[in-house]
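Work through the following exercises with the sequence and the model beside you, and try each task before you read its solution.

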Amino acid sequence: FDPDDFDNHWSYGTALLYYSKDFDGALQSYKTAAGLAAGAPDIGKDSMKVDHADALFFRAPLSEKGDSVPGDVLQAIDLVKQAMADAKETAPDDPKRFRWKWTLGWAYYEANQFAQSLTALLQIPNPHDLINKNIIASYVGLGKVESAIPIARDFLERNPNYTLAVEDRWPYKDKARRERW
């Protein structure tokens, strides 16, 4: 582990988030990685910002009423937008930009901004099933269940053994936020 390599800290942050659910450690690793990468040529810094955004919204608590938006979620949205704006050399149809739009859509969902979530997610051509789950949830959040039904039907036809227990893999710190999802 090279302590001066931003990619090592980035990878370590991702491991801490998804495998250890160590949110504070992950956020510290992303912060260290960002500091180390500041003067380096662009070799993934924008993707690192998007991973940092994941850690922020997975760490965020859900308010008792479920209607207030934690600062971590708003910061996650800002990080993804910043990454997309800073990546001027990346073509709009670059596959990593679709992953960024997915994260942006998910962060908007976590902020109860369902229309913005759909705007981001519906820009992704041929969305895979993980993205379709976010599209379904955003339609439901808007109260447009009729728009979610055909997507959910297709999803369940492709995934007949799917149960909500699969969603436990996402590293939400707050159980209520995972249950909401």
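**Exercise 1.** Does Asn112 count as buried, partly exposed or exposed, and why?

The model is a predicted one, in which local features need pLDDT of at least 70, side-chain atom pairs count only at pLDDT 80 or more, and totals for chains, interfaces and linings use all residues. Residues are numbered from 1 along each chain as its sequence is written, and side-chain values use heavy atoms, with hydrogens and water left out.

Begin with the scale: buried means under 20% relative accessible area, exposed over 50%, and partly exposed in between (1.4 Å probe, protein chains only). Asn112 has 22% relative accessibility, so it counts as partly exposed. Then look at the backbone, where Asn112 has a positive phi of about 65° although it is not a glycine.

**Exercise 2.** Compare the span of helix α3 with the expected one.

Helices are DSSP runs (H or I, at least four residues), numbered from the N terminus. The expected span is 1.5 Å times one less than the number of residues, so the 15 residues of α3 (residues 45-59) should span 21 Å, and this agrees with the 21 Å between its end C-alpha atoms. Because 14 of its 15 residues are buried, α3 is largely enclosed by the rest of the structure.

**Exercise 3.** Where is Lys21 found, and what is its phi?

Locate the residue first: Lys21 is found in the loop between α1 (6-20) and α2 (23-37). Its phi is positive, about 55°, although Lys21 is not a glycine.

Terms used. Helices (H or I, at least four residues) and strands (E, at least two) are DSSP runs, numbered from the N terminus.
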